[in-house]
Amino acid sequence: MSNLDIKIGLEVHTQITSLKTKLFCSCPSDYRGKPPNTNVCPVCLGLPGALPVVNIEAIRAALMVALALKCEISDVLVFTRKHYFYPDLPKNYQISQYDGPGSIPIAKNGYIVIGVDGGLKKVRIRRINIEEDPGKIVYPTGSLLTSKYTLIDYNRSGIALLEIVSEPDLRSPKEARAFIDKLRSILEHLGLVNTELEGALRVDANISLAGGSRVEIKNISSAKDVERALTYEIIRQSKALETGEKVRRETRHWDAIRKVTVPLRVKEFEEDYRYFPDPDLPPVKISLKLIEEIYQKLPELPDQRIERFIKTYGLSDYLATVLVSEKVLADYFEECVKYCGNPEIIGNIVVNDFKRWVDEMDIEVSKAVKILTPNQLCQLVYMLNNNIINIKILKEIIPKVLKYNKDVNTIVYEENYIDISNEEVLMRIIDEVIKENPKAVKDALINPKAVNYLVGQVMKKTRGRANPELTNKLIIKKLKELSGTP
Amino acid sequence: MLKEDLKVWLERISKLSLIRISSEEEEIILNDMKKIIEFFNTINSLDLSNVEPLFMVLKDEPVVRDDEVGESLSVDEVLKNVKEVEGGFIKGPKTA
Amino acid sequence: MIILSKLIRKGATELVELFKSDPRLIEEYIVSVYEVIDRVEDLVRSYITLRPLNEVLADGAKVRETLTNGFKGRLAGLLVAVKDVIVTKNLRTTCASKILYDFIPPYNATVIERIIGEGGIVVGKTNMDEFAMGSTTENSAFFKTRNPWDLDRVPGGSSGGSAVAVAAYEASIALGSDTGGSIRVPAAYTGIVGIKPTYGLVSRYGLISYGTSLEQIGPMARNVSDLALLLSVIAGYDPHDSTSLKVRDLNYMEFLKPTPMKKYRIAIIRECVSEGVDNTVLTAFNRSLRRFEEEGLEVLEVSIPIIKYALPAYYIIAMAEASSNLARYDGIRYGYHVSVEGRTWDEVYTEVRSEGFGLEVKKRILLGTFVLSAGYYDQYYLKASKIRKLLYDEFMKLFKEVDVVVTPTTPTTPPRFGEALTDPLKLYLLDTYTVVANLTGLPAISIPSDIVNDVPVGLQLIGPRLSEGYLINLAYIHELKSGLKDLVPTAVSGYV
């Protein structure tokens, strides 16, 4: 797709879930699952006369992110009103930030390094804004298009968000996904965002192809969907460009269920947000001392952790990067290692088996680590190291544990997974296989590579329990006997 | 200084403010607007390119808040002034 | 004819002392104030919402009981009229607008909490220009309030209802709000005192916003002592207002001294006494100046040329902020409502806002939207904010040399009904001298300067930041020398 000259920029909205209260009032930030309109006060309901007062912890959180993303930090925090009418916005303006006369975002000009095709790439961050979340609109028919009215719940109104905007430095949906994954990992490592909470991470993506116009896709709620939505758009736009159609500059909506983007209603006039510094919120000075203090307290960030994993545990660059891409995964790995050592084996298992199955079964990592606990995983490693099971069997057991939530020992014994390393037993099976596959035996006598087929047949007969190394050795020995060479 | 016809201007600004001007009001408003904009334009004679703007006069550091949970309104208080309620939700207009 | 209690003409400060020694007097006082209201309200129409007598009596009984138990509330037993721009829990708050005609706030403004905490009783909500936009109280969506000195004249605005409630003895004291002169102009026109405090001194929490960066709530009273009393209660730090100053435990009663507490240097601004001022106003102004000079205070003249741009700069900023502050009125969560089903948000909102707002409010929203819109922001809003900066710097410089600036409160005596509405600029010009204090955030008090042809004329004193105490000292001296306190307006003199 690279020949299409793709430019992608992302706007990521993330809730600072570590806060106890909203951005400008003392309502709880924990709005999920509450009955509608039970988590509001005069301030976040926009009642006449109510005034905002900023949550100091939200400023500290934004500064942490700014430092982690290597941004230039403004010496004042200025809030700006962004005006547009919409039923989920109780004041009909959003308290946000802006780069313009009298206004400045809390941080600008940073970057994130992502891994791309084995190399590293610097993606520039244009700015970070602190802003308030609007309320939530529920459509009585389930669809925006067919509902005759809306139902509004303001419980979410006023929740503290960070808007992180990248420059259009991304060149493919895969890079976009890598960017989100990396950003998410940074936010998790800072301890600010529980990204597994519904709606805690929302993305708007801007994409343009050479010869086309910029299209914005709104309302994407996962890294996976960012990749999907962008791939869909690239196909849609390149088809249009091929047939000589014009790609309009527009805003589209990602329909996560149908997996398509749909155009939003075209506005009669161009948006004019009439930004101006919010006079209810005079600028807050951001002192060097405060920045220094926050800098000193920054926890270990993903890049540092990757480095440490390589150095301390002797992991490959690849394993370390995948592990750290999700904080829970990296934490899980370290816990296992603490428990039973073997960092390389565990690193491989966590990345190649555990993570693979978790993704495939679409379960949350945080839940999966409670099923295959470090203790359980360490038991498997013990059995492997002591030849009770072989690596093939281990790979079979992991999805079963995740799927049935069963103890590993139970599975190993119930399913009779214990490794067959007894030479007599194995020889009996090998004899059977040799008898049943005369042609393969002939081949194997000429071509040593064809031995693998026979090993496979033994595995099949033992449902994988045969110790593969030993089996291999015994077959070769048997073949030598057959050919008569000493 | 307006860069467009006053009537076109009024239509654009009314759409932005979601305020419709009735035909009876239009004449008064256009007449007043013309005068007020001319009055505003008196500041155009000043060259202030080197002056910093002052948006707020507060000299102290503004009040900020600790991250502590306080009281929210009861649902009755929230819905007391709402005219159309459905299942605890506030009924709003269509968005498409 | 009922003989009114002698309590009615007493000042608030005196009443509080009387109630402390005899809490039973509270009931007598409440009844007599309601007597006055019964007689004069039809003439002047101060109140949009008046609380029923029995409710107020019940509140009075509670205060009486606490007093008996040793409560020392500074406003115990006083009846406070509250401008209908300040929210009161469970008491309708309309902003004199159709768009909020039935709004019952679920919370109290901070100033209301403080007043109640000191034993004050809210008696009702007073008329005003819709959303405080106006200088005559003619722009109320409900009715016009009349000047008790001359029923054919406006009482000034936008806090006209509060001014008249106090001036006509329908309340002990009152709260107003001042965005560009809305306390001081009606105070001047009705012969009472009113102060716009230093920006941030009084909490704005619960004040329905018009021009956020300009406005303050302030007290209105028949004499300087009463004003000092109410200001002492409402001033000071509030954690619910980001712009609140961190000052606490203020007592302005200490400044009620008959002699100057400082060798005040008084400045008059040439530009404020040269053009467009009525002769009657100027005569009264000069007489007031002589009173200060007789106290041995120095009066000097200064020139601040930029001041002539203050008025357009003020209106640009006020309207810009208003257009934003008034965006929230869409009929969904409160106020004037139209049915939503089957209609889009822009249709519904446009209908609510077009029917709910009055003409002056619409004009200001439109103009405010305009001065913030793309392509015009720099030319209007940003430039006005630069003028604000120049003006601010000029005043900071001036207050290094002088202690107080005096001007007439208004260039003219109160207009007759309709007079100021013939031309929008005529209305705006009423605020010529008052907007300066709002743009700079400085405190400014209006006191009666004189009564000319049976109509009061106001004098404005502007001081440096947080100089309310000294302004009160000077106002008190002027009050003693002029005898202009607890005035009884001619149109209601037969009823109180």
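Helices (H or I, at least four residues) and strands (E, at least two) are DSSP runs, numbered from the N terminus. The model is predicted, so local features need pLDDT of at least 70 and side-chain atom pairs pLDDT 80 or more, while totals for chains, interfaces and linings use all residues. Residues count from 1 along each chain as its sequence is written, chains are lettered from A and ligands numbered from 1 in the order written, and side-chain values use heavy atoms, without hydrogens and water.

**Exercise 1.** Track down the disulfide and work out its handedness.

*Solution.* Start with the cut-off: a disulfide is a pair of cysteine sulfur atoms within 2.5 Å. Searching the whole structure turns up one over all chains. Its partners are Cys340(A) and Cys378(A), with sulfur atoms 2.1 Å apart. The pair ties together distant parts of the chain, 38 residues apart: Cys340(A) sits in helix H7 (residues 327–340) and Cys378(A) in helix H10 (residues 374–385), both of chain A. Now the torsion: about -70 degrees around the S-S bond, so this disulfide is left-handed.

**Exercise 2.** Explain why Cys41(A) has no bond to Cys27(A).

*Solution.* Cys27(A) holds the closest cysteine sulfur to that of Cys41(A), but at 3.7 Å the gap is too far for a bond.

**Exercise 3.** Describe the setting of two residues with positive phi, Asn109(A) and Phe131(C).

*Solution.* Most residues other than glycine have a negative phi. Asn109(A) has phi near 55 degrees and belongs to strand S6 (residues 107–116) of chain A. Its relative accessible area is 41%, so Asn109(A) is partly exposed (between buried, under 20%, and exposed, over 50%; 1.4 Å probe, protein chains only). Phe131(C), with phi of about 55 degrees, lies in the loop between S3 and H5 of chain C. At 1% relative accessibility, Phe131(C) is buried.
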